[in-house]
Amino acid sequence: MSVVPAEYCPVSIGASMLADRWSLLIVREVMVGAHQFNAILRGLPGLSRSLLTTRLRHLEELGVLKRVPTGSGRTHEYRLTPAGEDLHEVIHALGRWTVRWWFPAPRPEQVDNALLLWRMRAGITSQLPEGRTTMLFDFTDGDVKRGWIVATNTEVSVCLHDPGFVVDLHVTGSGRTWHEIWYGHRQLKQAIADGDIIIEGPAKLARAFPKWFALSPFSADVAAATASH
């Protein structure tokens with residue numbers, strides 16, 4: 001793809017290729033495991049289907065993403081090229097810089113429980129019990145008041161309507177508290193001990209619950225920044 005920046009400078013050239021509102025966020029979604037069009041779209045509220053199509057094409061032309069046929073050969077997935085993989089450093093540096101200077105606890109209007117459940121889904125670890133585990137989350141704030149995470153050893157899904165499975169754990173708390181936990185402002189175990197997160201279900205599952213979730217890749221940086229203030 002031919003790029004004509006305003007200035008012969010690596011920062012200018014890089015900005016002309018990637019510094020729109022969505023390109024790096026699309027790359028971030030692919031990095032965390034969203035490889036299908038709809039999965040990428042779900043992780044980016046406010047992005048239209050048509051604009052996502054345009055941005056994906058742009059990133060392919062840049063050589064940042066590539067389309068890979070699925071097993072059936074009838075559909076495709078988006079994967080990072082070596083150039084795309086090399087953006088890990090850029091994205092993480094941007095996130096760490098933001099954490100250092102402009103990342104306070106979330107405001108009420110930033111609480112997006114549906115999106116947070118989607119993020120939590122991507123961080124489910126391999127420490128789940130065998131079979132299917134269904135978790136019902138009830139939120140005391142935010143636009144979305146209820147959601148389910150249904151997890152097996154091979155697949156994790158998020159539902160905003162009852163999937164019809166027996167609930168193994170019922171989790172209640174505020175969306176703001178969950179945002180603070182996932183991004184590293186608070187510790188999950190402490191929130192449970194304080195009664196801000198209530199978990200109902202078999203004791204063995206309730207004890208194991210905190211081990212099932214990998215937090216935001218910036219959570220350690222946020223925790224360190226929070227502790228220093």
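Ala, Val, Leu, Ile, Met, Phe, Trp, Tyr, Cys and Pro are counted here as nonpolar, Asp, Glu, Lys and Arg as charged, and the others, Gly among them, as polar. With these classes, the lining of the second largest pocket has four nonpolar, six polar and two charged residues. The model is predicted, and what follows describes its two largest pockets, starting with the second.

The second largest pocket holds about 270 Å³ of space. One stretch of its lining includes Arg121, Ala122, Ile124, Thr125, Ser126 and Leu128. The other lining residues are Thr152, Asn153, Thr154, Glu155, Val156 and Ser157. Two elements, α7 and β5 (156–159), each give two or more residues to this lining.

The largest pocket has a volume of about 1400 Å³. Its lining consists of 44 residues, and those nearest the pocket centre are Leu25, Arg28, Arg119, Tyr183 and Phe218. Two or more lining residues come from each of α2 (23–31), α6 (88–101), α7 (113–122) and α8 (175–183). Among these helices, α6 supplies the largest share, with seven residues.

The lining of the largest pocket also draws on both domains: at least three residues come from each of domain 1 (10–102) and domain 2 (108–227). By class, the lining of the largest pocket divides into 27 nonpolar, 10 polar and seven charged residues.

Helix α7 links the two descriptions, as a contributor of two or more residues to the lining of the largest pocket and of two or more to that of the second largest pocket.

Technical notes:
Residues are numbered from 1 along each chain as its sequence is written. This is a predicted model: local features need pLDDT of at least 70, side-chain atom pairs count only at pLDDT 80 or more; totals for chains, interfaces and linings use all residues. Side-chain values use heavy atoms; hydrogens and water are left out. On a 1 Å grid over the protein atoms alone, a cavity is a set of points where a 1.4 Å probe fits but cannot get out, and a pocket is an open set with protein on both sides within 12 Å along at least five of seven lines; lining residues have an atom within 4 Å of a point. Grid points are joined across faces, edges and corners, and a volume is the space filled by probe spheres set on the points. Helices (H or I, at least four residues) and strands (E, at least two) are DSSP runs, numbered from the N terminus. Domain bounds come from an automatic or database domain assignment.
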